[in-house]
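Here is my note on the ligand site, set out point by point for reading beside the structure.

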Amino acid sequence: MQTSRATSFLRGKYVAGESEAQGVERALTLLQDCGIRSSLFYMGEYVDTLDLVAQNVENKVKVAEALRDHALDIHISVDPTQIGHHIDPALVEDRAYRIARTIKDAIGNKTDGVNCLMFDMEDASLNDPTIAIHNKLQNEGFPVALTLQAYLYRTEADLAAQIARGSRVRLVKGAFAAGSELAFQSTNEIKDNSRKLIAMMLSQEAREAGFYPIIATHDTRLHDFAIAQARRNGWKPGSYEFEMLLGVREDVAKRLSENGERVRLYVPFGRDWWPHAARRLGENPANAVLLARSLAS
Ligand code: FDA
């Protein structure tokens, strides 16, 4: 599917390009043209060879180095399984330090932007190790952020701990399968828990703790809920942000940005683009129809 001409419209829609330079270029364009920030993600998760880990790390590092030469506001998204978790969990720390150190050095004394290493959250077996490495780097003063998933029961406690630490947390609904012993199963339960967690993230207590909320969803009712909480509790636009995926409901992202909200897009790049596009396909029936037509022609 990745090499088929019939699927190339999906690559154009959801992926910035193959190279790190194309990822950075898209981040610059989004910032200059629309005031929208980026979260750059070199694709290639759950890898099991050291060569692929090295390739992943090099691409993250190259993006971090771009911070030296460009006025950017970027998160560099990293999945622990991209940087060696499935080969040897001990390697992850070494690689994460390298990426975080490059970001820190590249930022130098710049104070504009919220540039950081964003730990994405994968399946439930990765929750504890991901939080542990995030906390360790944070304790040592590296610019890091953490993703938490609203579908997990444990997230309320994990979020409370991160609020107390004054962290940067990106809240998502959760994209992995998890059983009822770990996670809410129905859409309504996950939405209700998302609201509860957003209220915690945009509480007065969180603001006073120096916490930085990132609400990552395409759900406009959750955007409205978050904005109402922010207004009620004295959060100014720019002291929290919304994040969405490149190519998904970009009209909503632009509208939020035009209304003065801080918005970030998750901008994937790299050669291994099909798994990412296939997930977007599953979320949007209109794309499935277009793909079927394209394959048939
Ligand atoms: P939801 O599925 O509830 O839909 C809300 C609305 O958006 C609906 O109207 C829907 O039709 C529309 N919509 C959704 N997808 C669409 C599409 N592709 N095209 C058109 N319309 C669409 N997960 C995880 O487990 N770990 C992680 O680290 C991350 N990281 C991450 C970063 C960012 C920036 C985002 C936005 C999401 C993630 N996710 C994630 C994925 C997340 O867990 C979740 O699966 C998706 O965001 C879908 O949930 P939403 O709340 O966005 O939309």
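The points below go from the placement of the ligand to its surroundings and then to its polar contacts.

1. The model is predicted, and the placement of the ligand should be read with that in mind. The ligand sits in the largest pocket, and the elements that give two or more residues to the shell around it are β4 (144–149), β5 (168–172), β7 (241–245) and α11 (274–283). The strand β7 gives the most to this shell, with 3 residues.

2. Where does the ligand lie with respect to domain 1 and domain 2? Domain 1 (1–15 + 276–297) and domain 2 (18–272) both give residues to the shell, so the ligand lies between them.

3. In total, 23 residues surround the ligand, and the closest are Met121, Lys173, Gly174, Thr217 and His218. By class, the residues of the shell divide into 9 nonpolar, 6 polar and 8 charged.

4. Oxygen atoms of the ligand have polar partners in both side chain and backbone: an N or O atom in the side chain of glutamine 149 is 2.9 Å from a ligand oxygen, while a polar backbone atom of glycine 174 is 2.7 Å from a ligand oxygen and a polar backbone atom of alanine 175 is 2.8 Å from one. Of the 940 Å² of accessible area that the ligand has on its own, the protein covers 79%.

Note on methods: Residues numbered from 1 in each chain as written. Predicted model: local features only at pLDDT ≥ 70, side-chain atom pairs only at ≥ 80, totals over all residues. Heavy atoms only, no water. Near = heavy atom within 4 Å. Polar contact = N/O pair within 3.5 Å; in protein donor to acceptor, adjacent residues only side chain to side chain. Areas by Shrake-Rupley, 256 points an atom, 1.4 Å probe, with all protein chains shown as cover. 1 Å grid on protein atoms, 1.4 Å probe; cavity = no way out; pocket = protein on both sides within 12 Å on 5 of 7 lines; lining within 4 Å. Sits in = over half its atoms within 2 Å of the grid points. Helix = DSSP H or I, 4+ residues; strand = E, 2+ residues; numbered from the N terminus. Nonpolar A, V, L, I, M, F, W, Y, C, P; charged D, E, K, R; others polar. Domains from an automatic or database assignment.
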